[in-house]
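Reader: I should like to learn how the terms used for a protein model are justified. May we go through them one by one?

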Amino acid sequence: MSDRFTNKIAMITGGGTGIGAATARRLADEGATVVVTGRRLEKLHDVARHQAKGTIAPRQLDVTDPAAVETVIGEIVDEYGALDVVVNNAGIGPAGTVEQTTDTAWATMIATVLSGAFYVSKFALPHLKATRGNIVNVSSVSGLGGDWGAASYNAAKGGLTNLTRALALDHGASGIRVNAVAPSLTQTDMTAKVDADPELRAKFMDRLPPGRAAKPEEVAAAISFLASDDASFVNGVILPVDGGLGASNGQPRLG
Ligand SMILES: NC(=O)c1ccc[n+]([C@@H]2O[C@H](COP(=O)([O-])OP(=O)(O)OC[C@H]3O[C@@H](n4cnc5c(N)ncnc54)[C@H](OP(=O)(O)O)[C@@H]3O)[C@@H](O)[C@H]2O)c1
């Protein structure tokens, strides 16, 4: 494993499980000091036990609370002296069509996926200017096009995709890069329902050229590339990590 993040301070939201946890381990393996944040402290402590070149420190944070976001980012900079990398990864799963989505479910989705990333970025930007740091947002293939039965998720992830582009344009002159990954089905707690439903799983496998879901580590590898100096001239990119799902024009299999 290389040392791309030696002396770098990273913050990951939703870092206690899945893609966020895999990213924390990856960045720490490459030398970073990583602050993993999320609501469930015990999950964060599990991730922090990972042995690596760098270290992982847990900190409780609900991204739907802008005041708490500001406080925690301030504490990270006070404690570690800088902030180089921010990964906006916190998210919750799809919740149905517009008719099926309650006011509360809509508000929670937007607050978590879109406003969460907005406030984390807002409070991190002054510190990222100081380090010429970068942000990687975890969008989704659901932020590039529509799904059936995932209206609030599509809206929030679509917003996050375009927020990524706006941030990249507005802050490029300060030396800040802002990119996103857009994963397809990835094996995490969020997609356990797919694994548990053979019929639904088969439908997914039919659309995915590799015939399998991504592993969280495969998404983490793409995030670590975008966050590293290897991507020093990559800005405003939404990188699909989808096994080729997006190569399809949407028609059914002809052969
Ligand atoms: N799995 C997939 O197929 C897939 C595909 C494309 C994109 N994604 C995106 O990848 C990201 C990570 O998801 P995952 O698949 O790794 O699922 P996951 O294991 O369920 O991770 C989601 C994380 O977000 C955290 N979170 C949720 N609400 C939060 C809040 N209000 N404040 C802070 N943290 C919060 C959760 O921790 P706490 O509950 O402890 O807070 C959890 O650790 C999400 O943005 C998801 O939309 C996933």
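Author: A helix here is a DSSP run of H or I with at least four residues, and helices are numbered from the N terminus. In this predicted model, Phe-123 has its place in helix H4, residues 103–131.

Reader: Why is Phe-123 called buried?

Author: Buried means under 20% relative accessible area. Phe-123 has a relative accessible area of 18%, and therefore it counts as buried.

Reader: Which residues does Phe-123 touch, apart from those up to four places away in sequence?

Author: With that exclusion, Phe-123 touches Pro-66, Val-69, Glu-70 and Ile-73. Contact means heavy atoms within 4.5 Å. As for Glu-70, 53 residues separate it from Phe-123 in sequence, while the two C-alpha atoms are 5.7 Å apart in space.

Reader: Why is Thr-23 called buried?

Author: The limit is again under 20%. Thr-23 has 0% relative accessibility, so it is buried. Thr-23 belongs to helix H1, residues 18–29, and the buried residues of H1 also include Ile-19, Gly-20 and Leu-27. Leaving aside residues up to four places away in sequence, Thr-23 touches Ile-12, Val-87, Ala-220 and Ile-223.

Reader: What makes the span of H1 close to the expected one?

Author: The expected span is 1.5 Å times one less than the number of residues. H1 has 12 residues, for which 16 Å is expected, and it reaches 17 Å from its first C-alpha to its last. Just after H1, Gly-31 takes a positive phi of about 105°.

Reader: What makes the approach of Asp-62 to the ligand a polar contact?

Author: A polar contact is a pair of N or O atoms within 3.5 Å. An N or O atom in the side chain of Asp-62 is 2.9 Å from a nitrogen atom of the ligand, so the pair meets that limit. A polar side-chain atom of Arg-40 lies 2.8 Å from an oxygen atom of the ligand, and for a backbone N or O atom of Gly-14 the distance to a ligand oxygen atom is 3.5 Å. The ligand taken alone exposes 870 Å², of which the protein buries 95%.

Reader: How many residues surround the ligand, and which are the closest?

Author: There are 29 residues around the ligand, the closest being Thr-17, Asn-89, Tyr-153, Thr-186 and Thr-188. By class, the shell holds 10 nonpolar, 14 polar and five charged residues. Helices H1 and H5 (151–171) each supply at least two residues of that shell.

How values were computed: Residues are numbered from 1 along each chain as its sequence is written. This is a predicted model: local features need pLDDT of at least 70, side-chain atom pairs count only at pLDDT 80 or more; totals for chains, interfaces and linings use all residues. Side-chain values use heavy atoms; hydrogens and water are left out. Buried means under 20% relative accessible area, exposed over 50%, partly exposed in between (1.4 Å probe, protein chains only). A residue is near a molecule or strand if one of its heavy atoms lies within 4 Å of it. A polar contact is a pair of N or O atoms within 3.5 Å; within protein, one must be able to donate a hydrogen and the other to accept it, and residues adjacent in sequence count only if both atoms are side-chain atoms. Accessible areas come from the Shrake-Rupley method with a 1.4 Å probe; for residues, only the protein chains shown count as cover. Ala, Val, Leu, Ile, Met, Phe, Trp, Tyr, Cys and Pro count as nonpolar, Asp, Glu, Lys and Arg as charged, and the others, Gly among them, as polar.
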